[in-house]
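Work through the exercises below with the sequence and the model side by side. Try each task before reading its solution.

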Amino acid sequence: MTGSILPWALGFALACVSLAMLLSLFRLLRGPTLGDRILSVDTLTINVIALIVVFGVAEATQTYFEAALLLAMVAFVGTVAYCKFLLRGDIVE
Amino acid sequence: MNPVAEIAIAILLVMGGIFILVGSWGLARLPSLMTRLHGPTKASTLGVGACLIASMIYFPASGQPWSAHEMLITIFLLLTAPISANMIAKAHLHRQGHSIDPNPADGIPEGLPAPPTGDDWATFRGAESSRDD
């Protein structure tokens with residue numbers, strides 16, 4: 001009986017994350033300010049990290065965790081660089 | 001696999017999925033950027049955290065070796081989420097203070113109200129003084 005719970009939960013989580021990515025994409029395209037778009041890209045990357053982790057559990061492989069870790073770092077650096085650019089008009093001074 | 005572990009993984013995955021969905025729904029629904037910042041923080045801490053805990057239970061329970069990657073991702077996300085939220089809020093505040101991105105839903109359509117003491121908010125003082133040089 002318990003054998004059917006895990007695939008159902010994995011499908012539910014994947015569907016939720018996909019819907020969340022669509023909502024973030026809506027905010028990314030809609031705007032209206034640049035801060036909204038930066039926040040949408042940040043949220044989109046966090047959703048991608050969750051998608052990779054759930055997909056790794058679904059495939060029963062640990063290969064994808066490096067990609068999630070790299071995305072977490074690149075997302076943080078990218079967000080800070082975008083904000084720095086908005087604040088100062090320059091990234092490296 | 002152990003049925004208790006399987007049920008725990010399923011509950012954590014469903015919880016994480018719901019939190020991530022609610023976070024992005026808040027991003028799409030809330031009226032201004034300062035309120036929109038509120039939603040994705042739930043997705044990045046509770047949502048991704050629950051998914052990572054589920055994966056931390058899953059791999060030892062299914063007989064594969066334990067890995068530290070989930071722990072690293074959790075720590076990194078928890079460390080960086082407040083910093084990036086602060087940077088986004090600061091950039092938005094400066095643009096709004098200079099009337100670049102006015103939004104009546106923020107309640108501060110024409111710049112910030114003055115602080116009770118001092119000349120101006122410290123963040124604007126720093127920006128102006130460094131902009132002069």
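## Exercise 1: Two first helices

Task: In this predicted model, α1(A) passes α1(B) in a left-handed crossing. Find the angle and the axis distance of α1(A) and α1(B), and decide whether they are roughly parallel or antiparallel.

Solution.
Step 1. Locate the helices: α1 of chain A covers residues 5–30, and α1 of chain B covers residues 3–29.
Step 2. Read the geometry: the two pack at an angle of about 10°, and their axes are 8 Å apart.
Step 3. Apply the cut-off: angles under 35 degrees count as roughly parallel. The helices α1(A) and α1(B) are therefore roughly parallel to each other.
Step 4. Sort the residues of the contact by class: 23 are nonpolar, five are polar and two are charged.

## Exercise 2: One helix, two partners

Task: Helix α2(A) packs with α3(B) and with α1(B). Which orientation does α2(A) have to α3(B), and which to α1(B)?

Solution.
Step 1. Take α3(B) to begin with. Residues 34–59 form α2(A), residues 38–61 form α3(B), and the two pack at an angle of about 15° with axes 9 Å apart. This makes α2(A) roughly parallel to α3(B).
Step 2. Now take α1(B). Here the angle with α2(A) is about 165°, and the axes are 11 Å apart. Angles over 145 degrees count as roughly antiparallel, and so α2(A) is roughly antiparallel to α1(B).
Step 3. Add the handedness. The crossing of α2(A) with α3(B) is left-handed, and the crossing of α2(A) with α1(B) is left-handed.

## Exercise 3: Helix lengths in chain A

Task: Compare the end-to-end distances of α2(A) and α3(A) with the spans expected at 1.5 Å a residue.

Solution.
Step 1. For α2(A), 26 residues should span 38 Å; the end C-alpha atoms are 37 Å apart, which agrees.
Step 2. For α3(A), residues 65–88 make 24 residues, and the distance from first to last C-alpha is 35 Å, close to the expected 34 Å.
Step 3. List the buried residues of α3(A): A:Phe65, A:Ala68, A:Ala72, A:Ala75, A:Phe76, A:Thr79, A:Tyr82, A:Cys83 and A:Leu86.
Step 4. Look at the spacing of such a list. An α-helix has 3.6 residues a turn, so residues three or four places apart point the same way.

## Exercise 4: Positive phi angles

Task: Which residue with a positive phi follows α2(A), and which comes just after α3(A)?

Solution.
Step 1. After α2(A) comes A:Ala60, with a positive phi of about 55° although it is not a glycine. Most residues other than glycine have a negative phi.
Step 2. Place A:Ala60: it sits in the loop between α2 and α3 of chain A.
Step 3. Judge its exposure. A:Ala60 has 11 C-beta neighbours inside 10 Å, so it counts as exposed.
Step 4. Just after α3(A), A:Gly89 has a positive phi of about 75°.

## Exercise 5: Record and model

Task: Which residues does UniProt list as "transmembrane region", and how much helix do these spans contain?

Solution.
Step 1. For chain A, the unreviewed UniProt entry gives residues 6–26, 38–58 and 64–87. In the model, residues 6–26 are 100% helix, with end C-alpha atoms 30 Å apart. Residues 64–87 are 96% helix and 0% strand, with ends 35 Å apart.
Step 2. For chain B, the unreviewed entry lists residues 6–28 and 71–89. Residues 6–28 are 100% helix, and their end C-alpha atoms are 33 Å apart. Residues 71–89 are 100% helix, with a distance of 28 Å.
Step 3. Set this against chain B as a whole: it has five helices and zero strands, and 35% of its 133 residues count as buried.

## Exercise 6: Sequence distance and space

Task: How far apart in space are A:Leu34 and A:Ser18, and B:Ile53 and B:Leu13?

Solution.
Step 1. A:Leu34 and A:Ser18 are 16 residues apart in sequence, and their C-alpha atoms are 24 Å apart. A:Leu34 belongs to helix α2 of chain A and is partly exposed, with 19 other C-beta atoms within 10 Å.
Step 2. B:Ile53 and B:Leu13 are 40 residues apart along the chain, and their C-alpha atoms are separated by 8.8 Å. B:Ile53 lies in helix α3 of chain B and is partly exposed, with 18 other C-beta atoms within 10 Å.

Technical notes. Residues are numbered from 1 along each chain as its sequence is written. Chains are lettered from A and ligands numbered from 1 in the order in which they are written. This is a predicted model: local features need pLDDT of at least 70, side-chain atom pairs count only at pLDDT 80 or more; totals for chains, interfaces and linings use all residues. Helices (H or I, at least four residues) and strands (E, at least two) are DSSP runs, numbered from the N terminus. The expected span of a helix is 1.5 Å times one less than its number of residues. A residue is buried if 20 or more other C-beta atoms lie within 10 Å of its own, exposed if 12 or fewer, and partly exposed in between; C-beta atoms are placed from the backbone. Axes are lines fitted to C-alpha atoms, for helices over the stretch in contact, and angles run from 0 to 180 degrees between N-to-C directions. Angles under 35 degrees count as roughly parallel, over 145 as roughly antiparallel, 65 to 115 as roughly perpendicular and the rest as oblique. A crossing is left-handed if the near helix is turned anticlockwise from the far one by less than a right angle, and right-handed if clockwise. Ala, Val, Leu, Ile, Met, Phe, Trp, Tyr, Cys and Pro count as nonpolar, Asp, Glu, Lys and Arg as charged, and the others, Gly among them, as polar. UniProt positions are given in the numbering used here, feature names are shortened, and annotations may be inferred rather than shown by experiment.
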